[in-house]
Structure formats: C-alpha cells, structure tokens
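Grab a pencil and work through these exercises with the model open beside you. Try each task before you read its solution.

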Amino acid sequence: MKRLFLIPLAVGVLASCQSKDSEEKLNPFFAEYETPFEAPPFDEIEESHYLPAFKEGVKQAQEEVETIAVNPEAPTFENTILALDESGELLTKVSSVFYPLRSAVSNDSIQSIAREISPLMSQHRDAVMMNMDLFARVKEVYENMDAAGLNDSQKRVVTKYYQDFVRSGANLNPQEQERLKAINTELSSLTLEFGEHLLAETNENFELVIDDESKLAGLPDGVKSAASDAAKAAGYEGKWLFNAQKPSWIPFLTYGENRELREELYRGYFMRGDRNDAYDNKEIIKQIVALRAEKAELLGFENHADYVIDVNMAKEPEAVYDFLHKLWNPALEKSKEELAEMQAIVDAEGGNFDIEPWDWWYFAEKLRKQKYDLDESQMQPYFKLENVRDGMFWVANQLYDITFEKRSDIPVYHQDVEVFEVKESDGSHIGLLYLDYFPRKSKRVGAWCTGFRDAGYNHETSEVVDPLVSIVCNFTKPTGDTPSLLTWDEVNTLFHEFGHGLHGLFTEGKYNRTAGNVPRDFVELPSQIMENWCGEPEVLRQYAKHYETGEVLPDELIEKLQNSSLFNQGFANVEYLAASLLDMDWHTLASKDQVEDVNAFEEASMNEIGLIPEILPRYRSTYFAHIFSGGYSAGYYVYKWAEVLDSDAFNAFKESGDLFNKELAAKFRKHCLQEVGEGEGMEQYKKFRGQEPSIEPLLEKLGFEE
C-alpha cells in the first residue's frame with residue numbers, strides 16, 4: 001500500500017470523549033478489517049472515526065520516521081529506505097478511505113474534518129521531508145547505492161526518495177524551510193476552499209426551474225423525465241429542474257430550442273466561482289498562483305510549471321508550449337470552418353443572430369444530422385449503462401483474459417455502488433473494482449478513478465497486497481421504466497476511467513514509492529488507450545443493444561458513427577487546448593508577477609492565442625478544479641500528450657491486424673501497466689512499442705494531418 005503521507009494531498013470535527021481503549025475497540029481503523037479481501041467496512045465506519053484515526057496515524061508515522069532518523073547503525077537500504085517505504089500504515093489506512101469518500105459522499109461534517117486534517121497533513125509531510133537527520137541517511141544511501149550492490153528496483157526507489165526530499169526543501173536553510181512550511185500549509189487550505197466553493201456552486205448555488213412545458217421544446221423524453229424527477233426531489237412538484245451538472249445542462253444545450261434558456265443555463269455553468277459572492281474563487285486563485293510561484297523560486301525553479309514539469313516526460317515548459325501550439329493552429333482553423341457551417345444553418349433558418357457559446361452544442365447537433373444523418377438521441381437507447389459496463393469487461397477479457405464477478409457481500413459506501421471481483425483466467429484473485437455511477441449533491445462533478453487500497457507487497461510475509469479500485473462518475477440516473485442511457489461521450493468516459501482502473505488493478509512492485517507511480521504526462525495513457533476500443537464496430541456489436549428490444553446497434557448507425565468521428569474536432573480540441581494553455585500561463589508566472597484581475601488575465605491569455613469568442617476554454621479559471629484543487633497544476637496538457645502515446649499504441653494493434661492481439665496486450669500490460677513504475681515513462685513505453693511514439697496517428701485521428 002502506498003503511504004499517502006509522502007504524497008501532496010489536496011485536503012483535512014468531531015471530538016471524541018471515549019477512552020482510548022474503548023475507541024480502539026469501536027473504531028474500525030484501529031483493527032484489522034474482518035471483511036472479504038479486507039475491504040473497508042463502510043457499514044461500520046462513522047464520521048467520528050476519522051479524526052482520531054488521522055491523529056493517531058500521524059503520531060505513529062512520526063514515531064516511525066524518528067526511529068529511522070536516529071538509528072545509530074549506518075544507513076542501509078533496509079534500515080532507511082525500506083523502513084521509510086513501509087512506515088505510516090495506519091495513516092495510509094484512514095487516508096485511503098477518507099479522501100475518496102470526501103469526493104463521492106461529502107457533507108458539512110466531512111468538509112469540516114477535511115479543513116482540520118488539511119494543515120495537519122501538510123505539516124506532517126513537511127516534518128518528514130525536512131527532517132535533516134532522516135535526509136542525511138537517505139542521502140548517504142543514495143550516494144553509495146552502487147557500492148552497496150543494490151538492484152535496479154532498489155536504486156530506483158532510493159533515487160525517487162532522494163528526489164522527493166530535495167524537491168520538498170531538504171536542501172534549504174532553516175529560515176527558508178520555515179517559509180516553505182507556511183506556504184504548504186496555506187496552499188493546502190486554499191485548494192481545499194476552492195474545491196468546497198465549486199462543490200457548492202455546482203450542486204446548490206444555481207438552479208433553472210421551468211414550469212412551462214412549452215419551454216422544453218426539442219428535448220428528448222428521457223431528458224424531460226430526468227428533469228421532472230430532479231424537480232420533484234427538490235420540492236418543485238410538476239416542474240422541471242436543470243442545474244450545473246453536465247448530465248443536466250449538456251442535453252439542454254444540445255436539444256433545447258429555447259435560446260434564452262440555453263443562455264441562462266450555460267451562464268449558470270460558466271459563471272461558477274465568478275459571481276462575487278461567498279463562493280467566489282478569484283481571490284483564492286490569486287493567492288494560490290502567488291504562493292506556488294514563491295515556492296518554486298525557493299526550490300530553485302523559475303516558476304511553478306518549471307518545478308512540476310521537471311519530473312514529467314516533457315521536462316520543461318517550453319516543450320509543453322511547443323507541443324500545444326503544434327495542435328492549436330490546425331484545431332483553431334478547423335473550429336472556424338465548423339462555425340461557418342453552423343452560422344449558415346442559422347442564416348438559412350432566418351435566425352438573424354450570430355452564434356454565441358450557448359448555441360454551439362445546439363447547432364453542432366443540427367450540423368451532425370445534416371452532414372451525417374446522425375442524431376445522437378437515436379443512439380442513446382443502445383447505450384444502456386449495464387450493457388456498456390459489460391462491453392468494457394468483455395474488451396478486458398479479450399485483451400488480458402481477466403473476468404469480473406459481481407459480489408454482494410462487500411460493504412459499499414452508498415446504495416448506488418456495485419462491486420466486482422476481478423480474476424485471472426485461472427481464477428486467481430487480482431482485486432476488487434467498485435463502480436459508482438450517478439450524480440448526487442454530496443458528490444463532486446466529473447468522473448475519476450481512485451482506490452481504497454493500492455497494490456503492494458508485504459516484505460514480512462512475501463505476499464502481494466491486492467488493490468481495491470474505485471471508478472466514480474456522474475451519469476444520468478434511471479427514471480421510471482427507463483434505465484440509465486449514456487451519451488456517446490459518457491460511453492467514452494466510462495471506458496477511459498476503466499483504463500485507469502486496469503492500471504490500478506494490474507500494478508505490481510515491491511516498493512510503495514515506485515509501484516505504479518508514473519510521470520503525470522504518462523498517467524493518462526492507460527485510460528485513453530481504452531477509448532480506442534469502445535468505438536470499434538466489433539466492440540460496439542458486443543454492448544450497443546437497444547434497452548427495450550435487445551436489437552444490436554444497426555450497421556447503418558455504426559457506419560454513421562464511424563464517419564462522424566472527425567465531427568466537431570475543431571471545437572473539442574480548441575476548448576481543451578485553450579484550457580491547457582491557460583493553465584500554463586497561470587503557472588509560468590514568476591513570484592514577482594502580480595495578477596490584479598483574474599478575469600483580465602484569463603482574457604489576455606485567450607486573446608494571445610486568438611481564441612474565437614464563440615468558444616470558451618473547457619474550464620474557466622474560477623472552476624478549473626484540475627489545476628486549483630486537484631493534482632493537474634501545470635499539467636492539464638497531459639491528456640493530449642498522452643493521446644499521442646495512446647494513438648501510437650493503439651496503432652500497433654491496428655497494424656498487427658488484430659485488435660485483441662494477445663502478444664501486444666501482454667507487452668502493454670507488462671511494461672505500461674504492471675511494471676510501469678520500474679522505469680521512466682518513455683523508457684517503459686519503448687519497451688512496449690520498440691520505438692518512441694509518432695504524432696502522426698493522433699493527427700490522423702483528429703483529421704489534422706496535412
């Protein structure tokens with residue numbers, strides 16, 4: 001299990017009056033889990049258990065670290081690096097439950113605990129990383145690892161720990177270290193606050209309630225039914241409710257004929273964090289950016305991006321900018337062509353207006369129908385959630401010979417969650433996969449893959465520690481007799497997160513610091529490569545079955561879907577690349593650069609690249625959670641960077657003539673999933689592919705090739 005106290009955490013009150021002995025008997029974190037596969041007993045864990053477990057976990061971890069630091073024996077791999085790698089077991093145990101649940105089933109109490117835990121965890125990490133006695137021992141092992149005869153895996157984990165200490169301020173003088181500690185504590189609180197604001201903005205602070213059914217013209221019955229159910233649940237009987245959750249606003253913008261309401265709903269989405277109210281994020285952004293720049297300078301880097309990218313495949317910000325601009329120009333030109341085609345539709349209909357951002361989805365759908373005779377609402381009945389899930393399981397079975405068995409005896413944290421045991425073809429256990437599909441007010445937006453226990457290795461027993469992986473999404477819930485029907489984008493999302501899940505399930509390694517850990521711009525390869533399979537005709541015929549009749553998606557619709565694969569790629573890439581460049585601009589600021597106006601900075605950034613006003617960046621600054629409350633600061637570019645890798649990797653399967661080439665799949669599993677932490681990202685990729693990736697397959701996939 002990876003020890004989370006060594007990983008920067010974007011986190012954090014309930015006092016306990018129990019005696020310690022009584023508490024240890026009642027608090028599940030203080031005992032072995034008596035559940036199948038030692039899965040967390042969610043039915044026993046209470047909110048009051050977290051804070052005592054965190055505090056005791058920090059106490060134990062600090063004692064373990066101090067024991068290592070003052071060991072009178074000469075530093076060795078075993079008594080220093082391995083001991084450090086195995087420390088903090090209780091802290092990892094509670095962290096691995098609390099943080100995933102804070103994103104999936106949050107409430108005021110959980111957020112209060114998070115606020116208290118956040119500075120505690122930041123201070124604890126600093127206390128470890130700036131322990132000079134401990135660093136001296138790590139440094140000595142690092143400098144003598146060749147003479148000590150360490151193997152390659154041991155040398156790698158030593159190098160990574162040494163790098164962690166240096167990048168965390170171990171080489172700074174005491175005064176600089178104190179300032180860095182203060183910065184880290186403040187950043188942990190600010191990023192937490194940003195996320196809390198965004199959660200409230202998305203789930204509570206905006207609603208569009210419609211009481212006139214004529215204003216729903218154009219919306220499919222399923223969309224109206226879901227809005228009716230949402231309204232009923234919120235106390236608006238006989239009305240229709242739409243909000244800033246993507247499953248709510250995107251269908252309205254795609255099909256809703258009422259232009260004024262499209263604008264009102266889209267503004268409700270893109271003004272999040274920018275309303276000058278209690279949930280406004282602009283001042284928080286200014287503080288986060290300034291503190292990150294100061295921290296980077298303290299550590300000897302020009303800016304935060306320079307600090308982050310130094311350990312990524314790209315190595316320096318200039319390489320990222322160059323990469324993004326290579327795609328930006330063709331994407332922008334393609335988006336202008338798309339805009340002209342849509343404006344022609346507006347003009348032909350006598351619309352007498354210029355397209356605005358809230359019109360793009362609506363007229364893009366009209367253009368899709370016109371060019372490809374493809375109406376996405378025609379396909380949605382074929383994408384029943386359970387069928388799509390079984391389809392991705394089938395792909396994994398074809399590639400890796402693994403199976404998925406639903407378990408009803410594993411505790412879950414919410415009634416919507418289901419659990420599958422994942423097995424090898426011989427029946428041996430790999431791990432558990434939790435699937436949590438639907439939106440709720442306690443869940444943050446988006447989709448992500450997390451886990452309740454990482455794969456690992458027990459050096460005392462020489463046994464493998466099996467992973468507990470969780471995929472969390474926000475898909476439309478079933479309504480009445482209609483099951484959850486996914487959009488094509490949601491189908492891709494589920495396959496994407498499943499790719500992350502396979503990475504977590506397949507990871508192997510004897511050391512927590514390196515097992516499965518990859519550069520940020522490699523981490524999306526396992527997820528994005530899975531998206532390539534979901535649209536292949538052979539795969540579609542496995543899972544795309546009409547929820548009422550069982551009819552397989554007709555070849556005619558499959559062909560239309562294939563033909564439209566390049567549709568709207570200008571828009572999709574422009575909004576993504578604009579957000580990536582905005583992220584880079586924020587994080588290439590130096591400590592001397594002062595931002596007075598967040599919106600003015602964002603506008604200048606977008607004007608610099610020539611973003612057309614009809615498209616907004618995928619995330620405006622005030623709700624850009626990836627970079628201001630998640631782990632993607634100076635790293636949002638990684639999705640497209642990894643797309644070069646996944647396009648090239650999938651091309652290997654296509655070139656072989658077999659989409660389920662077992663030999664290639666075994667190599668990919670071994671080098672890019674299972675043993676990926678054993679080498680640098682490009683090194684591992686070349687072990688699979690035999691060469692560095694080419695950008696040509698991606699350009700071809702996007703329709704950008706010359």
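Buried means under 20% relative accessible area, exposed means over 50%, and partly exposed is what lies in between. Keep in mind that this is a predicted model.

**Exercise 1. A covered strand**

Task: Work out how many residues of strand β4 (residues 418–423) are buried, and which ones sit on each side.

Solution:
- Step 1. Start with the count: six of the six residues of β4 are buried, so the strand is mostly covered.
- Step 2. Now split the strand by face. Glu-418, Phe-420 and Val-422 are on one side, while Val-419, Glu-421 and Lys-423 are on the other.
- Step 3. Put the two together: the residues on both sides are all buried, and both faces of β4 are covered.

**Exercise 2. The neighbours of β4**

Task: Find out in which sense β4 pairs with strand β3 (residues 403–407), and how many bridges link them. Then do likewise for β4 and strand β5 (residues 429–436).

Solution:
- Step 1. β3 and β4 pair in the antiparallel sense, over five bridges. Look for Arg-407, which stands opposite Val-419 in β4.
- Step 2. On to β5: six bridges join β4 to β5, and these strands run antiparallel. Glu-421 has Leu-432 of β5 as its bridge partner, and Phe-420 stands opposite Leu-433 in β5.
- Step 3. Follow the chain from β4 into β5. The two strands form a hairpin with five residues between them. In the turn, Gly-427 has a positive phi of about 90°.

**Exercise 3. The whole sheet**

Task: Write down the strand order of the sheet that holds β4, and say which strands stand at its edges.

Solution:
- Step 1. Five strands form an open sheet, in the order β3-β4-β5-β9-β6, with mixed pairing.
- Step 2. β3 and β6 (448–453) each have a single partner strand, so they stand at the edges and one side of each is left without a neighbour in the sheet.
- Step 3. From one strand to the next, the twist averages 30°.
- Step 4. Helix α4 (residues 89–104) packs on this sheet and touches β5 and β6. The direction of α4 makes about 150° with that of β6.

**Exercise 4. One helix, two partners**

Task: Describe how helix α22 (residues 569–587) packs against helix α25 (residues 638–656), and then against α23.

Solution:
- Step 1. What do you need? Two packed helices are described by the angle between their axes and the distance between the axes.
- Step 2. The axes of α22 and α25 come within 9 Å and cross at roughly 125°. That angle makes α22 oblique to α25.
- Step 3. Asn-573, Tyr-576 and Leu-577 of α22 make this contact with Val-638, Tyr-639 and Lys-640 of α25. Sorted by class, the contact residues are four nonpolar, one polar and one charged.
- Step 4. For α22 and α23, the axes come within 10 Å and cross at roughly 120°. Here too, α22 is oblique to its partner α23, and the crossing is right-handed.
- Step 5. On the α22 side you'll find Ala-578, Leu-581, Leu-582, Asp-585 and Trp-586. They meet Val-598, Phe-601, Glu-602, Ser-605, Met-606 and Ile-609 in α23. This contact of α22 with α23 has eight nonpolar, one polar and two charged residues.

**Exercise 5. Buried, partly exposed or exposed?**

Task: Place Ser-335, Glu-38 and Glu-603 in the right accessibility class.

Solution:
- Step 1. Ser-335 is found in helix α14 (residues 317–348). Its relative accessibility is 0%, so Ser-335 counts as buried. Leaving out residues up to four places away in sequence, Ser-335 touches Trp-360, Gly-570, Phe-571, Val-574, Ile-612 and Ile-615.
- Step 2. Glu-38 lies in the loop between α1 (20–26) and α2 (47–69). With a relative accessible area of 40%, Glu-38 is partly exposed. Beyond residues up to four places away in sequence, Glu-38 touches Glu-32, Tyr-33, Arg-453 and Leu-468.
- Step 3. Glu-603 is part of helix α23 (residues 598–609). At 52% relative accessibility, Glu-603 counts as exposed.

**Exercise 6. Sequence and space**

Task: Find how far apart Glu-38 and Ile-410 are, in sequence and in space. Repeat this for Glu-603 and Gln-674.

Solution:
- Step 1. Glu-38 and Ile-410 are 372 residues apart in sequence, and 9.4 Å apart in space, C-alpha to C-alpha.
- Step 2. Glu-603 and Gln-674 are 71 residues apart along the chain, and their C-alpha atoms are separated by 43 Å.

Terms used:
Residues are numbered from 1 along each chain as its sequence is written. This is a predicted model: local features need pLDDT of at least 70, side-chain atom pairs count only at pLDDT 80 or more; totals for chains, interfaces and linings use all residues. Side-chain values use heavy atoms; hydrogens and water are left out. Axes are lines fitted to C-alpha atoms, for helices over the stretch in contact, and angles run from 0 to 180 degrees between N-to-C directions. Helices (H or I, at least four residues) and strands (E, at least two) are DSSP runs, numbered from the N terminus. Angles under 35 degrees count as roughly parallel, over 145 as roughly antiparallel, 65 to 115 as roughly perpendicular and the rest as oblique. Contact means heavy atoms within 4.5 Å. Ala, Val, Leu, Ile, Met, Phe, Trp, Tyr, Cys and Pro count as nonpolar, Asp, Glu, Lys and Arg as charged, and the others, Gly among them, as polar. Buried means under 20% relative accessible area, exposed over 50%, partly exposed in between (1.4 Å probe, protein chains only). A crossing is left-handed if the near helix is turned anticlockwise from the far one by less than a right angle, and right-handed if clockwise. Two strands pair if DSSP finds at least two bridges between them.
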